[in-house]
Number of protein chains: 2
Amino acid sequence: MNADKPNQTIDAFHRGKFWLVQPARGAHRAGLDAMLLAAAVPGNFSGVVADFGAGAGAAGLAVIARCAKARALLVERSPEMAEFARSGLTLEQNAAIAGRASVVEADVTSPAAVRVVAGLTDNCADFIIMNPPFNEEGDRAAPDALKRQAHVMDTELWERWLRTAAALAGPKAGLALIARPVSLPEILPALKGRFGAAQMIAIHPREDRAAIRIVIRAWYGARGKLTVAPPLVVHGPSGNRFTARADDLCNGAASLFGD
Amino acid sequence: MNADKPNQTIDAFHRGKFWLVQPARGAHRAGLDAMLLAAAVPGNFSGVVADFGAGAGAAGLAVIARCAKARALLVERSPEMAEFARSGLTLEQNAAIAGRASVVEADVTSPAAVRVVAGLTDNCADFIIMNPPFNEEGDRAAPDALKRQAHVMDTELWERWLRTAAALAGPKAGLALIARPVSLPEILPALKGRFGAAQMIAIHPREDRAAIRIVIRAWYGARGKLTVAPPLVVHGPSGNRFTARADDLCNGAASLFGD
C-alpha cells in the first residue's frame with residue numbers, strides 16, 4: 001500500500017502486473033471476488049470485455065492484464081468510483097495495459113436510450129463480467145455513503161443486469177458473474193433464454209464450510225444446460241493462507257474453468 | 001441377488017438392514033440416488049416421511065431403517081412398481097420395519113381431490129422426499145414400457161411435485177430432493193414461497209468431474225436463504241470403489257447434512 005492521498009491507496013494486483021487507485025477504506029475495495037471473476041475469462045480471450053459495476057476497475061483490468069489482446073470497458077455508475085478507475089489508468093505502473101481500457105460512467109440498469117448515449121451500444125461486447133453490489137449480512141450500519149450506494153439491494157437486480165448484458169452481447173459472447181449463493185434463485189431464471197451452457201463453481205472458504213460465493217459462466221445464445229463444476233476451496237484446513245489454486249487464480253496465473 | 005422369479009430380484013440394502021423386491025432389469029432399479037436422498041433426512045427424525053415416486057420403496061425404506069421412530073408412505077403411480085413395493089413389505093427380511101411402511105398407489109401430480117381419496121391428505125407428512133423420473137441423456141431408446149413410464153419428462157414436473165409436497169407438508173416439515181444439475185433452474189423457483197432455508201449439496205463422481213446430481217434439503221415455511229454445502233465426491237481418483245463417506249451414506253451409516 002502506497003498512500004498517495006490520505007483517503008486513497010495504490011495497490012498492486014497480479015504480483016504487480018497492474019495497480020489500482022482505491023478508496024482507503026470500505027467494503028468496495030477490490031479483493032478476491034474481483035480476481036476470481038476475472039479468472040473466469042478464458043486465457044486466450046481477445047476482444048472487448050465489459051466490466052459491469054467495475055468500481056476502481058479490478059476485474060476488468062485483471063482480464064486485460066492476463067489476456068494480452070483483450071480490451072476493457074469499465075462500466076461504473078458512481079462518479080467517485082469512476083474517478084478512482086480513471087486515476088488508475090493514469091498510473092505509470094499501468095502503462096502497459098492502460099491503452100486497452102476505458103471508463104464508461106453509466107448505470108447498467110438505465111433505459112437503452114440512456115446507456116447507448118453513454119457508449120454501451122448493442123453487441124459491443126465479446127464478454128461481460130459482473131460483480132453486482134449486495135448487502136452483506138450484518139452490514140446494515142452502512143458506515144459511509146459510497147458504500148451504501150454500492151450496496152443498494154434490488155430484488156430485480158439480476159434481471160436488469162442480465163438483460164443489459166444480453167443487449168450488449170455480440171454473437172457467442174461470454175458472460176461471467178460472481179454472487180452470493182442466496183442469489184441463485186434470481187440468477188438462473190434471468191439467464192434463461194439469454195445465456196446458456198452455464199457452468200457453476202461454488203467458492204468455499206474451507207473444505208468443510210458452506211460456499212460464500214458462486215461463479216457462473218455462460219454463453220450468449222448457447223443451448224447447453226447448466227452444469228456444476230468442482231468447487232474452489234480458498235483456504236487450507238487452518239490459517240489464513242490461500243490454497244495454491246486460490247493463490248494462482250488471485251494472481252492471474254490460472255483460469256477458473258481450466259481454459 | 002436372490003432370484004425369486006425370473007423377472008425380479010431380491011436385493012439387500014444398508015448391509016442387510018432392509019431388502020427390496022425389484023424388476024430384474026432396467027434403469028428404475030434402485031441405487032445410489034435413492035440412498036443419498038434417504039441420507040438427507042436427519043438421523044433423529046420421527047414422524048411420517050412421504051416418498052414421492054417411491055418405485056420399489058428404496059428411499060422410503062432406507063429412511064425408516066435408519067430412523068427407528070419414522071413411518072413411511074411409499075407413493076408410486078405405476079401399478080407394477082407399487083406391486084414390487086408391496087412385495088418387499090411382505091419379505092421376512094423386512095419384518096422389523098414393514099409395520100412402519102405402507103404403499104399409496106397414486107400420482108403426486110393428480111388434482112387434490114384425487115390424491116386425497118388415495119390417502120394423500122393435506123398436512124399428512126413430516127418429511128417429503130422425492131427422486132422424480134427424468135430422461136437420462138443417451139437414454140432415448142427406452143427399452144421397455146415400465147422404464148418409459150418412469151422417465152416421462154415434464155417441464156412442469158418440479159412445479160407440480162413441489163406444489164403437492166407443500167400441500168402435504170405439516171408444520172415445519174422437511175423436504176429433500178435429488179435431481180440432475182440441469183433441473184436447478186426449474187427447482188429453485190418452485191421452492192420459492194413454499195420451502196425455505198434450503199441447503200444444496202452437489203454430488204461429483206470424482207473430485208475433478210462435474211456434478212452428476214444435486215441434493216437439496218429445505219423446510220416448509222422457513223425463511224432462511226439458500227446455502228451451498230461442501231460437495232460429496234463418490235469415487236476416489238481411480239477405480240470404482242466408493243469413498244468412505246459415500247460408502248457410509250449408501251449404507252445408512254451417515255447423514256448427508258451431518259445430522
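**Exercise 1. Follow chain B past the end of helix H8, then decide whether H8(B) is enclosed or open.**

*Solution.* Right after H8(B) comes B:Gly193, whose phi is positive, near 80°. Keep in mind that this is a predicted model.

Step one is to go through the helix itself, residues 184-191 of chain B. A residue is called buried when 20 or more other C-beta atoms lie within 10 Å of its own. The residues of H8(B) that pass are B:Leu184, B:Pro185, B:Ile187, B:Leu188, B:Ala190 and B:Leu191.

Step two is to weigh that list against the helix. Six of the eight residues are buried, so H8(B) is largely enclosed by the rest of the structure.

Step three is to find what the buried residues pack against. Within chain B, the partners are helix H7 (157-168) and the strands E8 (169-179), E9 (195-204) and E10 (213-220). Helix H8 (184-191) of chain A is a partner too, and that leads to the next exercise.

**Exercise 2. Describe the side of chain A that touches chain B, and work out how the two copies are related.**

*Solution.* Begin with the count: 21 residues of chain A are in contact with 21 residues of chain B. On the chain A side, the elements giving two or more residues are H8, strand E9 (195-204) and strand E11 (227-228). H8(A) supplies the largest share, four residues. Sorted by class, this side of chain A holds 15 nonpolar, two polar and four charged residues.

Now turn to the symmetry. A turn of 180° with a shift of 0.0 Å along the axis lays chain A on chain B with an RMSD of 0.0 Å. That is the relation of a two-fold axis. As a last check, 100% of the interface residues of chain A are also interface residues in chain B, so the copies meet through the same surface.

**Exercise 3. Place strand E4 of chain A among its partners, and give the handedness of the crossover that leaves it.**

*Solution.* Take E4(A), residues 47-52, and look for its bridges. With strand E5 (residues 70-76) of chain A it pairs in the parallel sense over six bridges. In this pair, A:Phe52 stands opposite A:Val75. To get from E4(A) to E5(A), the chain passes through helix H2 (residues 58-66), and this β-α-β crossover is right-handed.

E4(A) also pairs with strand E7 (residues 125-130) of chain A, again in the parallel sense, over four bridges. Here A:Asp51 stands opposite A:Ile129.

**Exercise 4. Which residues touch the most other members of the largest nonpolar core?**

*Solution.* The core has 178 residues, and A:Ile128 and B:Ile128 touch the most other members. To see the surroundings of A:Ile128, set aside its neighbours within four places in sequence. The contacts that remain are A:Ala50, A:Phe52, A:Ala165, A:Leu168, A:Ala169, A:Ala173 and A:Leu175. A:Phe52 has already appeared above, opposite A:Val75. As background, nonpolar side chains in soluble globular proteins tend to be buried together.

For the wider setting, chain A has nine helices and 12 strands. Buried residues make up 46% of its 259 residues. Among contacts in chain A between residues at least 6 apart in sequence, 67% join residues at least 24 apart.

**Exercise 5. Examine the positive phi values of A:Arg15 and A:Ala197, and classify the exposure of each residue.**

*Solution.* Most residues other than glycine have a negative phi. A:Arg15, though not a glycine, has a positive phi of about 55°. This residue lies in the loop between strands E2 (8-13) and E3 (18-23) of chain A. A:Arg15 has 10 C-beta neighbours inside 10 Å, so it counts as exposed.

A:Ala197 is not a glycine either, and its phi is positive at about 55°. Its place is in strand E9 of chain A. With 15 C-beta neighbours inside 10 Å, A:Ala197 counts as partly exposed.

**Exercise 6. Is B:Asp248 buried, exposed or partly exposed, and what is it in contact with?**

*Solution.* First locate B:Asp248: it is found in helix H9 (residues 244-250) of chain B. Next, count its surroundings: 14 other C-beta atoms lie within 10 Å, so B:Asp248 is partly exposed. Finally, leaving aside neighbours within four places in sequence, B:Asp248 is in contact with B:Ala253 and B:Ala254.

How values were computed
Residues numbered from 1 in each chain as written. Chains lettered and ligands numbered in written order. Predicted model: local features only at pLDDT ≥ 70, side-chain atom pairs only at ≥ 80, totals over all residues. Pairing = 2+ DSSP bridges. Right-handed = clockwise from strand over helix to strand, strands pointing away. Core = buried A, V, L, I, M, F, W, Y, C linked by C-beta atoms within 7 Å. Buried ≥ 20, exposed ≤ 12 C-beta atoms within 10 Å, placed from the backbone. Contact = placed C-beta atoms within 7 Å. Nonpolar A, V, L, I, M, F, W, Y, C, P; charged D, E, K, R; others polar. Least-squares fit on C-alpha atoms with pLDDT ≥ 70 in both.
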